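Dear colleague,

Please find below the structure I said I would pass on, together with its sequence. My notes on how some of its helices pack follow underneath.

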Amino acid sequence: MGQLSSKTDFEWVYTEEPHATRRKQILAKYPEVKDLFGADRSMMIIVPLMFCFQMFMAWMLKDATWPFLILCTYAISGTINHSLFLAMHENSHNTVFGYSSITFGRLFGCFINLATGFPISVSFKKYHMDHHKFMGDEVYDTDIPSEFECKLFNRTITKLLWIMLNPVFYTLRPLFGNPKPITIWEIGSFLLQVAFDLMILKFFGPKSLFYIMLGTLLGIGIHPMTGHFISEHYTFFTGQQTTSYYGPLNYIAWNVGYHNEHHDFPWVSYRNLPKVAFDLMILKFFGPKSLFYIMLGTLLGIGIHPMTGHFISEHYTFFTGQQTTSYYGPLNYIAWNVGYHNEHHDFPWVSYRNLPKVTVYL
C-alpha cells in the first residue's frame, strides 16, 4: 500500500494565529502596504470571458467522442474550472467590489459558479473566513484535513486516493466538522445552479454537462492545479504554517501561490500580491533606500534618460513617408537591439541577436 507516513500527528502550537502577529509587525514598520488595499475590478472582465469560453467549449463538445471528451474535460475544463474556483476564492475576500458592495460580490460569486456546475461560492465564503481567522484550528478551520483523514490516508497510495477525492472531503469536512445553518443565499445559489445545469442539459446535451461538472471534480482532484492545496498549509518546515509558491501557475491561479502574503493581507487583490512579496523583501533585506532606488530608477529609466531615445526614434516621421526608423548605434548592446526597428517590424519572429544579420541581407 506504499510507504507509511513519517508523521503520525499534527504539529501543535499554542501561540496567536501567526499572520495576525505578522500583519501587526509589518504594518507598524511598513504602513505603506495599506496603499495596496482595495477593490480590483479586472475580474469583472476576465471571469465573463472564461465563462464564455467554457460555454463555447461545452457546445463544441456536445457530440464529441468519449475519449476526446474525457481528454478535453481533464486538460481544459479541469484547468479553467479550477481557475474559476480560485476566482471565487478571490471574490470571497471582497476584493472585486469592495466592502461597500457585499451584495454585488455575492451575486458575482453565484455567476462564477455557473460554469463550474456546482453552487460553491456562498458556502465557501462562509467557512473560508474562519480559515483566515482561526487558521490551523482543528475545529473551526475546515480548509485543512481532519484528524480522521490524516489517520485514514497515511500511506503513499492512500494519499493519492485522498487527492483524487479532494472535492468530496472539501465538501463534507465543514458539514461534519463545523456545521452552520443554511442561509437564504445558499438556497438561492443552489436553485440558480440547478436551473442553469438543466438548461445546459436541455440545449447542449449530457456530454456538455459532463464536460462542465466533471471538469470541476477533476480540476480540484488529481490535477496539476491542485498542488496549491498541499503547498499552502502543510508544515514542510517546523514552525512554518504557510508556504508561498512563486512559479508560473500563478498566472492562471489568481496569484494564490503568494499565500503568506495573502494571509498577511487578505484585503490585497491578486494583482497586488506580488508587490507585497517583492516590496517587502526589498525593504526587509536591503532597506527603504534600495526600494526607492529600484522604483525611481524604473520611472527615470522610461522617462528622462538616454535609453528613452528609442521611443522617439522608432515611429516619429522624421522623413515624409517613412513611418519606422532604425538606429544602429552602441546603445543596442544594452537595448536588446531594439534600435533595429525596421528589421524588427519586418520580421518580428527574428530574435534580437539575429536582427543585425537581417540588416546585412537587406
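Helices α3 and α10 lie oblique to each other in this predicted model, because their packing angle of about 55° belongs neither to the range under 35 degrees that counts as roughly parallel nor to the 65 to 115 degrees that count as roughly perpendicular. The axes of α3, which spans residues 66-92, and α10 are 7 Å apart, and α3 passes α10 in a right-handed crossing. On the α3 side the contact involves W66, L69, I70, C72, T73, Y74, I76, S77, G78, N81 and H82, and these meet K207, F210, Y211, I212, L214, G215, T216, L218 and G219 of α10. Sorted by character, the residues of this contact comprise 11 nonpolar, 8 polar and 1 charged.

Helix α10, which covers residues 206-219, also packs with α2, residues 43-60, where the two axes come within 8 Å and cross at roughly 140°. That angle makes α2 oblique to α10, since only angles over 145 degrees count as roughly antiparallel. The crossing in which α2 passes α10 is right-handed, and the contact is made by Q54, M55, M57, A58 and W59 from α2 together with S208, Y211 and I212 from α10. Here the residues divide into 6 nonpolar and 2 polar, with no charged residue among them.

When you open the model, Y211 and I212 may be a convenient place to begin, as both are listed in the contact of α10 with α2 and in the contact of α10 with α3.

Best wishes

How values were computed
Residues numbered from 1 in each chain as written. Predicted model: local features only at pLDDT ≥ 70, side-chain atom pairs only at ≥ 80, totals over all residues. Heavy atoms only, no water. Axes fitted to C-alpha atoms, helices over the stretch in contact; angles between N-to-C directions. Helix = DSSP H or I, 4+ residues; strand = E, 2+ residues; numbered from the N terminus. Left-handed = near helix turned anticlockwise from the far one by under 90°. Contact = heavy atoms within 4.5 Å. Nonpolar A, V, L, I, M, F, W, Y, C, P; charged D, E, K, R; others polar.
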